[in-house]
Structure formats: structure tokens, C-alpha cells
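Subject: Structure handover

Hello,

Here is the structure we talked about. Please load it first, then read the notes below.

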Amino acid sequence: MPANSELGHQLRTRGRAAGRTLTATALTIGALSAPSHAGLLSPVLNLMRPQVEAKISEACLRWSAMGNRSLIERLTPACQALAAPTSRCLVAETQSSGRSLGVISELLAGRFGDDLEVVVKRCAGRMLGLSPETFGKLPLRDLAERFNSLKAQARR
């Protein structure tokens, strides 16, 4: 068999193997994002919990103390106490909503996207003793923008 034919055969064989690998990877990712397999990503979510808790605590202080150093000192323990159960709720709702892969992607990218918004709304309902779907149509981004504008007005 000439060398160039052997090379062509190897490339075709490797190409098919690579295609099978990509297909298997895509199917695995699809399976991991399905609600029935959501628990498979829980170790990753639990590894991210300390960072999520820190962000929740920072946001709590930023929103509640509005830069007032005295309030920051007094509210720090409360915000830290709120962060732990909130992060546990977010992990649980991420898993039960079947949005684990999307949430992990958004967290790694450092953005608040559709998947995180759904999970936050579900968690807010759960933490208030309501149905997870209670805040489904609540425009979180609009509320955050409104809150930020009210906060800016209060500083003036």
C-alpha cells in the first residue's frame, strides 16, 4: 500500500473516531443538563458555593449599607448569616430546575443570565415559604435597576 494511501486511511479513521468522541461528549453534556441527571453536576456546584456565598454577602452589604462604613460593620454578620442558606438554596434549586449546566456556565463567565435568573426566583420563593414558581414572571433585572436608581437618589 503506498504511503499516501495509508496516511489517507489513518486520517479518515481518526476523523471518524474524533466525530464519535464529539458526539459522545455532546450527548453526555445533554444528559447532564437533563433534570433527571441534574445531581451529577452537584459536586461542581458545591465547589462553587464558597464563591457564591462571598458574592451574596458582598451584594447584601452593598445594597443594605449603601457605603456607610458604620452600617457595613454592623450588617456584616447578618449578611454572612444570610449567605450560607441562600447559597444552599441556590444549589438545590439549580439541581431541581435542571439548569445546572447553564448556571455553571453563567457563574464561570461571571454573568447573570437566564438560567441564574430562574434559579434566583425559585430560591426566593422557597426561602419565603412560597411556591418556587411564585416569582416566575417577576422582572428581576427591572427591579434591580429600579432599586439602584432609588439608592442613587437616596445618596443625593
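Start with E117, which lies in helix α5. Helices here (H or I, at least four residues) and strands (E, at least two) are DSSP runs, numbered from the N terminus. E117 is buried, at a relative accessible area of 10%. Buried means under 20% relative accessible area, exposed means over 50%, and partly exposed is in between (1.4 Å probe, protein chains only). What does E117 touch, leaving out residues up to four places away in sequence? Its partners are F112, L138, L140 and R141. A contact means heavy atoms within 4.5 Å.

Ground rules

This is a predicted model, in which local features need pLDDT of at least 70, side-chain atom pairs count only at pLDDT 80 or more, and totals for chains, interfaces and linings use all residues. Residues are numbered from 1 along each chain as its sequence is written, and side-chain values use heavy atoms, with hydrogens and water left out.

Confidence

pLDDT is the predictor's confidence in each residue, from 0 to 100. The protein has a mean pLDDT of 76. Of its residues, 73% reach 70 or more. Where is confidence lowest, and where highest? The low end is helix α1 (residues 3-33), with a mean of 45. The high end is helix α3 (residues 69-97), at 91. Over residues 7-11 the pLDDT is below 50, and this stretch has 0 contacts in the model beyond near neighbours in sequence. Residues 17-38 also stay under 50. For residues 17-38 the model has 12 contacts beyond four places in sequence.

Overall build

The protein has 6 helices and 0 strands. From the N terminus on, the order of elements is α-α-α-α-α-α. Of the 156 residues, 28% are buried. Take the contacts between residues at least 6 apart in sequence: 57% of them join residues at least 24 apart. The accessible surface comes to about 10,300 Å² (Shrake-Rupley method, 1.4 Å probe; for residues, only the protein chains shown count as cover). Carbon and sulfur atoms hold 62% of that surface.

Disulfides

How many disulfides does a search of the whole structure find? There are 2. A disulfide is a pair of cysteine sulfur atoms within 2.5 Å. With bonded cysteines counted along the chain, the pattern is 1-2, 3-4.

One disulfide joins C60 to C79, with S to S at 2.0 Å. The angle about the S-S bond is -65°, and the link is left-handed. C60 lies in helix α2 (residues 42-65) and C79 in helix α3, so the pair ties together parts that are 19 residues apart in sequence. C60 counts as buried because its relative accessibility is 17%. C79 is buried too, with a relative accessible area of 2%.

C89 and C123 form another disulfide, their sulfur atoms 2.1 Å apart. This pair links distant parts of the chain: C89 sits in helix α3 and C123 in helix α5 (residues 114-127), 34 residues apart. Both C89 and C123 are buried.

The largest pocket

Rolling a probe the size of a water molecule over the atoms shows where empty space is left. A pocket is an open set of points on a 1 Å grid over the protein atoms alone, where a 1.4 Å probe fits, with protein on both sides within 12 Å along at least five of seven lines; lining residues have an atom within 4 Å of a point. Grid points are joined across faces, edges and corners, and a volume is the space filled by probe spheres set on the points.

The largest pocket holds about 1,500 Å³ of space. Its lining has 40 residues. Which of them lie nearest its centre? They are I56, A59, W63, F112 and V120. Elements giving two or more residues to this lining are α2, α3, α4 (100-109), α5 and α6 (140-155). The largest share, 12 residues, comes from α2.

Two more residues

M66 lies in the loop between α2 and α3. M66 has a positive phi of about 50°, although it is not a glycine. Most residues other than glycine have a negative phi. At 35% relative accessibility, M66 is partly exposed.

R74 is in helix α3. Is R74 buried or exposed? R74 counts as exposed, at 59% relative accessibility. R74 and L61 are 13 residues apart in sequence, with 9.8 Å from C-alpha to C-alpha.

Best wishes
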